[in-house]
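Welcome, and thanks for taking a look at this one with us. Please open the viewer beside the text and follow along from strand to strand.

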Amino acid sequence: MTLRDEARCTLAPQVSVRAERFGGLVYRYDDRALLFLRSRPLVELLLGLDGTKTLKEALEELAAERDLGARELRAVKDALGKLEERGIVREL
């Protein structure tokens with residue numbers, strides 16, 4: 001499944017995200033999976049996913065705050081799609 005731009009997204013209830021200097025950590029309490037993320041913008045996006053904004057709005061806000069280009073933004077969105085496949089991110 002691919003996240004839609006108009007979707008409102010949030011972290012799965014069993015997931016925790018922690019920002020680190022190298023990017024961040026994602027931990028799933030249900031299966032004890034630990035993921036290392038090497039993208040600080042991706043971690044910032046994950047920490048801000050609370051279901052109040054559409055994915056498009058959240059990405060546009062991130063791009064403006066971090067001065068991200070189209071290539072960098074596409075990389076963040078692709079990584080977000082992979083996290084959705086692993087059950088880290090979900091649509092509301």
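## Glycine 24 and its partners

Glycine 24 has leucine 37 in β4 as its bridge partner. In this predicted model, alanine 19 is in turn bridged to glycine 24 of β3.

## The three-stranded sheet

Let us step back to the strands themselves. Strand β3 covers residues 23–28 and is joined to β4 by four bridges, the two running antiparallel. Six bridges link β2 with β3, again in the antiparallel sense, and these two strands make a hairpin with two residues between them.

Put together, the three strands form an open sheet in the order β2-β3-β4, paired antiparallel. Why does one side of β2 and of β4 lack a neighbour in the sheet? Both β2 (15–20) and β4 (34–37) stand at the edges with a single partner strand each, so one side of each is left free of a neighbour there. On average, neighbouring strands of this sheet are turned by 20 degrees against each other, direction ignored.

## The helix on the sheet

Helix α1, residues 40–48, packs on the sheet and touches β2, β3 and β4. The direction of α1 makes about 135 degrees with that of β2.

## Threonine 54

Further along the chain, threonine 54 belongs to strand β5, which spans residues 50–54. Is threonine 54 buried or exposed? Its relative accessibility is 13%, and buried means under 20%, so threonine 54 counts as buried.

Which residues does threonine 54 touch, leaving aside neighbours within four places in sequence? Its contacts are Asp5, Glu6, Ala7 and Arg8.

How values were computed. Residues are numbered from 1 along each chain as its sequence is written. This is a predicted model: local features need pLDDT of at least 70, side-chain atom pairs count only at pLDDT 80 or more; totals for chains, interfaces and linings use all residues. Side-chain values use heavy atoms; hydrogens and water are left out. Buried means under 20% relative accessible area, exposed over 50%, partly exposed in between (1.4 Å probe, protein chains only). Contact means heavy atoms within 4.5 Å. Two strands pair if DSSP finds at least two bridges between them. Axes are lines fitted to C-alpha atoms, for helices over the stretch in contact, and angles run from 0 to 180 degrees between N-to-C directions.
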